[in-house]
Amino acid sequence: GLVNTKEMFAKAVKGGYAIPAYNFNNMEQLQAIIMACVETKSPVILQVSKGARDYANMNILRNMARGATEYAKELGCEIPIVLHLDHGDSFETCKECIDNGFSSVMIDGSHFPYDENVALTKKVVEYAHQFGVTVEGELGVLAGIEDEVSSAVSHYTQPSEVIDFVSKTGVDSLAISIGTSHGANKFTPEQCTRNAEGILIPPPLRFDILEEIEKKLPGFPIVLHGSSSVPMEYVNMINEYGGKLKDSVGIPEEQLRLASKSAVCKINIDSDARLAMTAMVRKVFAEKPGEFDPRKYLGPARAELKKMYMHKNIDVLGSAGQA
Ligand code: G3H
Ligand code: 13P
Ligand code: NA
Ligand code: ZN
């Protein structure tokens, strides 16, 4: 069955690795996640955004996640699987997910004034904990768009607020803002430097802020959103086969590897999966224009996704072998 994040996070913080939190809204993504995590023996967090719920339907998604636990068993390894609401926007949304069997929820009050964020998060925690459901809160605002919420620039998490927030709300984990952001264009070209090949090099994450937060909350589970790396190979593949992606830039893997060794124990990745799927679908369409069976392009896309997730678990997050 599904588990909450409690034990998973405690082990990850101690072991110096991060649990992958992969978004899903369709069958091929979910199959690829489970295949990759079983094969690498990695615990995993399946996340569902509000957008995913609107797209795929709550009942379908929760039953897919249940099916995923049985599918993992069938593949030969009972890995810990969490079903998590990503960026919950209200108490009602979180309650609905808890009532529908989610084992973890995020309440994202980061765009509200501090006291409102505390009050809302506390209310969700009080409800969730009655059912053994764990809660992720957020302090600081990422640049870019989070569902309906948007901000032009990052508002980094203030280390001076974290102890008060965690003790007042009772959250189980805390998402922070240290320079990551959502989507495939995480930095403007102006924020970057260019290397000899003309490739955009983003400014480094604020590891100094992360360190200060860790000092205030020793051993407390920290979460990083917006952690796709936006691999050049996928961006190039998309553009080679008729796409038009411009100035795409993500978080270098080296920095995520470093973050994984710290109290960061959950790393959110969605955009890289979108890129992998789109790249492979475009390739098949370009190379086999006569093909019209969706399995013939979604199948290769699923295989590419699986490869990408395995790479994250093994080479970036260090979650492989931890299930
Ligand atoms: O937080 C952002 C995630 O990538 C989910 O995106 O709201 O388009 O499903 P979405
Ligand atoms: P990316 O857009 O970097 O994949 O971030 C996903 C995320 O934070 C989901 O909550
Ligand atoms: Na870690
Ligand atoms: Zn996010």
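In the predicted model, an oxygen atom of ligand 2 is placed 3.2 Å from an N or O atom in the side chain of H87. Two backbone contacts accompany this one: a backbone N or O atom of G183 lies 2.8 Å from an oxygen atom of ligand 2, and a backbone N or O atom of D270 lies 2.7 Å from an oxygen atom of the ligand. Taken alone, ligand 2 exposes 310 Å², of which the protein buries 96%. The ligand is surrounded by 16 residues, the closest being D86, K186, S228, D270 and S271, and this shell divides into one nonpolar, twelve polar and three charged residues. Strands β3 and β12 each supply at least two residues of the shell around ligand 2.

H87, which contacts ligand 2 through its side chain, is also a donor to the zinc ion (ligand 4), where NE2 of H87, NE2 of H182 and ND1 of H225 coordinate the metal at 2.1 Å. The spacing of these donor residues in sequence is H-x94-H-x42-H. Because H87 lies in strand β3 (residues 81–88) whereas H225 belongs to the loop between β11 (222–224) and α9 (232–240), the pair ties together parts that are 138 residues apart in sequence. Both H87 and H225 are buried.

Strand β12 (residues 264–269), one of the contributors to the shell of ligand 2, is mostly covered, with six of its six residues buried. Pairing in the parallel sense is found between β12 and strand β1 (residues 19–23), over four bridges, and A21 has N268 of β12 as its bridge partner. Strand β11 likewise pairs with β12 in the parallel sense, in this case over three bridges, and I222 stands opposite V264 in β12.

V264 also takes part in the site of the sodium ion (ligand 3), whose protein donors are the O atoms of Y17, S260, S262 and V264, lying 2.3 to 2.6 Å from the ion. In sequence these donor residues follow the spacing Y-x242-S-x1-S-x1-V. Two of the serine donors were examined for solvent exposure: S260 counts as buried because its relative accessibility is 1%, under the cut-off of 20%, and S262, at 13% relative accessibility, therefore also counts as buried.

Terms used: Residues are numbered from 1 along each chain as its sequence is written. Chains are lettered from A and ligands numbered from 1 in the order in which they are written. This is a predicted model: local features need pLDDT of at least 70, side-chain atom pairs count only at pLDDT 80 or more; totals for chains, interfaces and linings use all residues. Side-chain values use heavy atoms; hydrogens and water are left out. Donors are N, O and S atoms within 2.8 Å of the metal (3.2 Å for Na, K and Ca); water is not among the atoms, so sites may look incomplete. Buried means under 20% relative accessible area, exposed over 50%, partly exposed in between (1.4 Å probe, protein chains only). Two strands pair if DSSP finds at least two bridges between them. A residue is near a molecule or strand if one of its heavy atoms lies within 4 Å of it. A polar contact is a pair of N or O atoms within 3.5 Å; within protein, one must be able to donate a hydrogen and the other to accept it, and residues adjacent in sequence count only if both atoms are side-chain atoms. Accessible areas come from the Shrake-Rupley method with a 1.4 Å probe; for residues, only the protein chains shown count as cover. Ala, Val, Leu, Ile, Met, Phe, Trp, Tyr, Cys and Pro count as nonpolar, Asp, Glu, Lys and Arg as charged, and the others, Gly among them, as polar.
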